[in-house]
Amino acid sequence: MELKLHQFDLPLKHTFTITHESRDVQPTLIVELSWHGKSGFGEATETPYYGITMEKMVAQVESIRHLLPNDILPHPTDFWKMLSKTLLDDHPFALCALDVAYWDLWGKTHNKALYEIWGLDISNNPITDYTIGIDTVETMVSKMREMPFPLYKIKLGTDQDLEIVEALRKETDAVFRVDANTAWTPEQTIYFAPELKKLGVEFIEQPLKADNWEGMKRVFQASELPIIADESCILEEDVAKCAGYFHGVNIKLMKCGGLTPALRMIQQAKSLGLKVMVGCMTESTIGCSAIAQLLPLLDFVDMDGCLLVDDQIAKGITIDYGKVYYAKASGTGAELIR
């Protein structure tokens, strides 16, 4: 098996601001695994908030080059299990890129899309939201006008959060979701929830610090809107912790280590009565095409990364007014074009 690494700096269409950071460029690493003339592609983005740098990811992927199969292809779950012994605890982003690339290669080798391999029905997929990062109200409104959508995720965590949502509501009848990225207190969340509900907000994502479980218990019991975990749900063992504290979980492929653990997390979350969302990390079409394979299993999805960057490096899924259209190709359907 041949391993190639491709590094890109993806320009963002707008400065993207959340409570943790602002950025204008998204560095991304594309992993390519080739076998008998077919190539699979996976992706991981540089994310300083989690200590993920390009240099670290490249070194981590290079460290497993000697483990790549030479004669027969093991099943992707076995491949992930082998690599996870080396990479999972400290390097889930690198593990994700390798796992997705391998699943993509597996699908292409078997000439089937991954959702077909998993026996999933794509006829009733959820639509994706489009994210509006923190900015002036005027700029946030202009972003909505530039990208008319039926569903928006609004990033919050300012001193004027309710005023922002009220102003944006005047511009559209679209459904809103809000994401505070850990910026609120329990009291704020409980107070905001009924007001946000009146403004057409569907749910609140990660209002409190990730380890504030006592506060989350209070919010869970009192909130008039569902609460979805993000920073509180990283790896597989976190799903069970969220039951009784959140109404659902947002699973990120890069944070958990790829499609293989994400499939298990989805199953576990459903068994616990939790709603299931999969989110993105400002990926290109490579990463978003992998997320799309999971759509039939999800209640909600946030896979607009390929719309937020100026993606001229890949082809695969396309998105039109929230609806995701699959490429007519096997695996994830993604291909690198430069």
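**A walk through the predicted model**

In this predicted model, T47 sits in a loop, the one that links β3 (38-45) to α1 (54-62). Is T47 buried or exposed? Its relative accessibility is 8%, and because buried means under 20%, T47 counts as buried. Leaving aside residues up to four places away in sequence, T47 touches I52, F93 and M281.

Stepping back to the whole protein, the secondary structure comes to 13 helices and 15 strands. The radius of gyration is 19 Å, close to the 20 Å that the globule rule gives for 338 residues, so the protein is as compact as a globular protein of that length. Along the principal axes, the C-alpha trace spans about 60 × 40 × 40 Å. Buried residues account for 60% of the 338 residues. As for contacts with a separation of 6 or more, 66% of them involve residues 24 or more positions apart.

Strand β3, which comes just before the loop of T47, belongs to an open sheet of 3 strands, ordered β1-β2-β3 and paired in antiparallel fashion. Which strands stand at the edges of this sheet? They are β1 (2-17) and β3; each has a single partner strand, so one side of each is left without a neighbour in the sheet. On average, and with direction ignored, neighbouring strands here are turned by 25° against each other. Between β1 and β2 (residues 22-35), which run antiparallel, there are 12 bridges, and T17 stands opposite S22 in β2. Helix α3 packs on this sheet and touches both β2 and β3, with its direction making about 155° with that of β3.

The other sheet to look at is made of 8 strands; it is open, its pairing is parallel, and the order reads β4-β5-β6-β7-β8-β9-β10-β11. At its edges are β4 (130-132) and β11 (300-302), each with a single partner strand, so one side of each has no neighbour in the sheet. Here, too, the average turn between neighbouring strands is 25°, direction ignored. Strand β4 is joined to β5 (residues 151-155) by 3 bridges, and the two run parallel. Within that pair, I132 has I154 of β5 as its bridge partner. Helix α11 packs on the sheet by touching β9 (248-252) and β10 (275-279), and its direction makes about 180° with that of β9.

Helix α11 itself covers residues 259-271, 13 residues in total. From the first C-alpha to the last, α11 reaches 18 Å, close to the 18 Å expected at 1.5 Å a residue. Which residues of α11 are buried? The list is L259, T260, P261, A262, M265, I266 and A269. An α-helix has 3.6 residues a turn, so residues three or four places apart point the same way. After α11 comes G273, with a positive phi near 80°.

That leaves the inside of the protein. The largest nonpolar core has 116 residues, and those with the most contacts inside it are I154, L196 and L294. Which helix gives the largest share of this core? Helix α3 (residues 92-109) does, with 12 residues. I154 has turned up before, as the bridge partner of I132. L294, for its part, touches W118, L253, L259, A262, L263, I266 and V278, again not counting residues up to four places away in sequence. Among these, L259, A262 and I266 are buried residues of α11.

Terms used
Residues numbered from 1 in each chain as written. Predicted model: local features only at pLDDT ≥ 70, side-chain atom pairs only at ≥ 80, totals over all residues. Heavy atoms only, no water. Helix = DSSP H or I, 4+ residues; strand = E, 2+ residues; numbered from the N terminus. Buried < 20%, exposed > 50% of the residue type's maximum accessible area, 1.4 Å probe, protein only. Contact = heavy atoms within 4.5 Å. Expected span 1.5 Å × (residues − 1). Pairing = 2+ DSSP bridges. Axes fitted to C-alpha atoms, helices over the stretch in contact; angles between N-to-C directions. Core = buried A, V, L, I, M, F, W, Y, C linked by side-chain atoms within 4.5 Å. Rg over C-alpha atoms; globule rule 2.2 N^0.38 Å.
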